[in-house]
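Here is a protein chain to look at, with its sequence and its fold. Please read the questions with both in view.

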Amino acid sequence: MHITMFLKDGKTLRFERITNLKKEFPFDNIITFNYLSASDGKQKRALFNLKDILGFSVDDVNFDVKSLY
């Protein structure tokens, strides 16, 4: 799965080969996921605060985006 994040400052971030995308409980605004780095080809893990993200899109129509909010 790919994810594109739209930041409040107008910039976008794109991550490829996303796995394990989930909301981190008990933190209401934190999401984490694993991804494949385009710069070095290594698997990495990311953490984002949803307060900094205006919106995002995923290329998997079966993924429940609402589960992250």
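The questions and answers below concern a predicted model.

Q: In which order do the five strands of the open sheet stand?
A: Strands of a sheet pair through backbone hydrogen bonds, either parallel or antiparallel. In this open sheet of five strands the pairing is antiparallel. The order of the strands is β4-β3-β2-β1-β5.

Q: Which strands stand at the edges of the sheet?
A: An edge strand has a single partner strand, so one side of it is left without a neighbour in the sheet. This applies to two strands, one of them covering residues 53-58. The strands at the edges are β4 and β5.

Q: By what angle are neighbouring strands of this sheet turned against each other on average?
A: The angle is taken with direction ignored. As an average over neighbouring strands of the sheet, it is 45°.

Q: How many bridges join β3 to β4?
A: The two strands run antiparallel. One of the bridge partnerships is that of L36 with Q43 in β4. The number of bridges joining β3 to β4 is seven.

Q: Is T4 buried or exposed?
A: T4 has its place in strand β1, residues 3-7. Its contacts beyond neighbours within four places in sequence are T12, L13, R14, G55, F56 and S57. Buried means under 20% relative accessible area. With a relative accessible area of 17%, T4 is therefore buried.

Q: Of what kind is the aromatic pair of F15 and F48?
A: A pair of aromatic rings is described by the distance of the centres and the angle of the planes. A search of the whole structure finds five aromatic pairs. For F15 and F48 the centres are 5.7 Å apart and the planes stand at 70°. Planes over 60 degrees apart count as edge-to-face, so this pair is edge-to-face.

Q: How many residues apart in sequence are the parts that the pair of F15 and F48 ties together?
A: F15 lies in strand β2 (residues 12-23), and F48 in strand β4 (residues 43-49). F15 is buried at 12% relative accessibility, and F48 is buried at 18%. The parts tied together by the pair are 33 residues apart in sequence.

Q: Of what kind is the aromatic pair of F33 and F48?
A: F33 lies in strand β3 (residues 30-36) and F48 in strand β4, so this pair ties together parts 15 residues apart in sequence. At 0% relative accessibility, F33 counts as buried. The ring centres are 5.9 Å apart with 10° between the planes, and the pair is stacked.

Q: Which residues do ring pairs link into a cluster?
A: F33 and F48 form an aromatic pair. Ring pairs join these two residues with others into a cluster, whose members are F15, F33, Y35 and F48.

Notes:
Residues are numbered from 1 along each chain as its sequence is written. This is a predicted model: local features need pLDDT of at least 70, side-chain atom pairs count only at pLDDT 80 or more; totals for chains, interfaces and linings use all residues. Side-chain values use heavy atoms; hydrogens and water are left out. Helices (H or I, at least four residues) and strands (E, at least two) are DSSP runs, numbered from the N terminus. Buried means under 20% relative accessible area, exposed over 50%, partly exposed in between (1.4 Å probe, protein chains only). Contact means heavy atoms within 4.5 Å. Rings of Phe, Tyr and Trp (its six-membered ring) pair if their centres lie within 6.5 Å; planes under 30 degrees apart count as stacked, over 60 as edge-to-face and the rest as tilted. Two strands pair if DSSP finds at least two bridges between them. Axes are lines fitted to C-alpha atoms, for helices over the stretch in contact, and angles run from 0 to 180 degrees between N-to-C directions.
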